[in-house]
Amino acid sequence: MKNNYKFIVIDAFLIAIALWMAFFISFNLSLVGLESKILVIWTPIFLISQLTISFFCGLYKRMWRYTSLFDLYAILGSVTFASGFSFIVILFIMDQSSYPKSVLIIYFILNTFFIVGSRLI
């Protein structure tokens, strides 16, 4: 069970890093004004939704000593569902024209690579 807490902390860190990197990539490594405010609003939403959905999908119940294809499918399903949920929440919170849609796609790709990578290392 102690190992599972380690993965929760690692996942929280990687989710935040993926979101921040997605913003920096999308805005050419600079955040000014509105973009930085959006990032501050989005970070807790993405953290809470991703960790909660990952918990309920059973990612933290698994033994990660030997990662298999089934574990990869579980991670991909969890990340996809959590990202989709976060996107829907953002869609209802933010004005349609005020949020950068490219960040959402970049976040999904980075987050998937980071979470899968953390299990393989």
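## Lysine over a ring

In this predicted model, lysine 6 lies over the face of phenylalanine 7. The distance from lysine 6 to the centre of that ring is 5.6 Å.

## Aromatic pairs

The whole structure contains 6 aromatic pairs. One of them joins phenylalanine 23 and tryptophan 42, with 5.3 Å from centre to centre and 70 degrees between the planes. This pair is edge-to-face, because an angle over 60 degrees places a pair in that class. The two residues come from distant parts of the chain, 19 residues apart: phenylalanine 23 sits in helix α1 (residues 2-26) and tryptophan 42 in helix α2 (residues 34-56). Phenylalanine 23 has a relative accessibility of 0% and so counts as buried. Tryptophan 42 is likewise buried, with a relative accessible area of 0%.

A second edge-to-face pair is formed by phenylalanine 55 and phenylalanine 56, whose ring centres are 5.5 Å apart and whose planes meet at 75 degrees. Phenylalanine 55 counts as partly exposed because its relative accessibility is 46%, which falls between the limits of 20% and 50%. Phenylalanine 56 is exposed, at a relative accessible area of 67%.

## Ring cluster

Ring pairs also build a cluster made up of Phe23, Trp42, Phe46, Phe87 and Tyr107. Phe23 and Trp42 thus belong both to this cluster and to the edge-to-face pair described above. Tyr107, another cluster member, is listed among the buried residues of α4.

## Helix α4

Helix α4 covers residues 101-120, which is 20 residues. At 1.5 Å a residue, the helix should span 28 Å, and the end C-alpha atoms are 30 Å apart, so the two values agree.

The buried residues of α4 are Val103, Leu104, Tyr107, Leu110, Asn111, Thr112, Ile115, Val116, Ser118 and Arg119. The list includes polar side chains such as Asn111 and Thr112, as well as the charged Arg119.

## Valine 79 and its contacts

Valine 79 is located in helix α3 (residues 69-93). Its relative accessible area is 1%, so valine 79 is buried. With neighbours within four places in sequence left aside, valine 79 is in contact with Gln50, Phe108, Asn111, Thr112 and Ile115. Among these partners, Asn111, Thr112 and Ile115 are buried residues of α4.

The C-alpha atom of valine 79 is separated by 9.7 Å from that of isoleucine 109, a residue 30 places away along the chain.

Note on methods
Residues numbered from 1 in each chain as written. Predicted model: local features only at pLDDT ≥ 70, side-chain atom pairs only at ≥ 80, totals over all residues. Heavy atoms only, no water. Helix = DSSP H or I, 4+ residues; strand = E, 2+ residues; numbered from the N terminus. Expected span 1.5 Å × (residues − 1). Buried < 20%, exposed > 50% of the residue type's maximum accessible area, 1.4 Å probe, protein only. Contact = heavy atoms within 4.5 Å. Phe/Tyr/Trp six-rings, centres within 6.5 Å; stacked < 30°, edge-to-face > 60°. Lys NZ or Arg CZ within 6 Å of the ring centre and 35° of its normal.
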